[in-house]
Amino acid sequence: MYKYVMIFLASVAMTSSGQITLIDPSTRNGGFEDGVTSPWGLVNSVGQNGIFASQGDWYGIVSALANVATARTDSYQNISTSPLGGRSFLLTFDARIGSTGFESVFASIISQNSLGIYVPPLATLLSSPPLTTNAWATYQKLFMFPDVWDGNIIRLDIAFRNPNASVGTTYIGYLDNVRLQQIPEPSSLILLGLGGSFLFSRLARKSRSKALIQQ
Ligand SMILES: [Ca+2]
């Protein structure tokens with residue numbers, strides 16, 4: 001059930017009229033098919049292997065040498081945009097880890113308004129499976145900026161983390177098929193509404209199950 005709702009949510013967003021593609025495999029090197037890391041910041045290198053990549057032939061490689069008990073990477077892009085295109089951004093990407101890998105991957109978007117003050121968006125996690133060494137996992141997150149946001153640059157950050165790292169160990173992660181869509185207002189509200197309804201129904205079902213167990 002969960003899988004089908006997620007597919008439905010994604011399809012609503014991807015088919016929304018007026019959406020703006022900010023990153024995808026052929027835009028801003030979202031699939032690393034340019035064979036370089038640019039315009040990504042802090043992606044260490046790229047690999048070429050059509051069997052290994054989750055999309056196309058190329059993928060991004062990130063690594064962090066733990067010099068404290070935490071290993072972390074912060075791959076990013078700064079992207080020019082405008083609130084006129086919508087205040088919501090739907091991010092989807094694929095990730096996996098090497099045999100000495102990270103424990104989790106966390107995506108965020110930040111922006112400043114015209115006065116230089118940081119404005120955080122409301123973030124809703126739509127899909128966040130565990131990172132594994134033997135397969136790619138797909139992550140999806142919706143970001144909605146409030147009405148006060150009037151900035152024109154957003155910064156996307158995808159961070160692999162290991163909070164229980166061994167000092168001196170290098171941790172490896174892989175990134176591919178990054179897609180970032182700016183969604184017009186009505187579509188994003190539908191998305192959040194559907195996501196909220198789904199979460200509410202799951203919570204209600206859990207509460208009913210708990211009540212039955214306690215009886
Ligand atoms: Ca690719």
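Here is a short walk through this predicted model, built around strand β12 and its partners.

Start by colouring the protein chain by pLDDT. The mean comes to 85, and 78% of the residues reach 70 or more.

Next, select residues 196-204. Here pLDDT stays under 50, and the model has one contact beyond four places in sequence for this stretch. Then move along to residues 206-215: pLDDT stays under 50 there too, with zero contacts beyond four places in sequence. Hide both stretches if you like, and carry on.

Now pick residues 170-183, which make up strand β12. Is this strand largely enclosed or not, and why? Of its 14 residues, 13 are buried, so the rest of the structure largely encloses β12.

Keep β12 on screen and bring in its partners.

- Select residues 20-23 for strand β1, which pairs with β12 in the antiparallel sense over three bridges. For a landmark, click Ile 20: Gln 182 in β12 stands opposite.
- Add residues 58-65, strand β3. Six bridges pair β3 with β12, again in the antiparallel sense. Here, look for Ala 64 with Tyr 171 of β12 opposite.
- Finish with residues 88-97, strand β6. How many bridges join β6 to β12? Nine, with the two strands running antiparallel. Zoom in on Ser 88 to find Ile 183 of β12 across from it.

To end the tour, show β12 together with β1, β3 and β6, and trace each antiparallel pairing in turn.

Key. Residues are numbered from 1 along each chain as its sequence is written. This is a predicted model: local features need pLDDT of at least 70, side-chain atom pairs count only at pLDDT 80 or more; totals for chains, interfaces and linings use all residues. pLDDT is the predictor's confidence in each residue, from 0 to 100. Two residues are in contact if their C-beta atoms, placed from the backbone, lie within 7 Å. A residue is buried if 20 or more other C-beta atoms lie within 10 Å of its own, exposed if 12 or fewer, and partly exposed in between; C-beta atoms are placed from the backbone. Helices (H or I, at least four residues) and strands (E, at least two) are DSSP runs, numbered from the N terminus. Two strands pair if DSSP finds at least two bridges between them.
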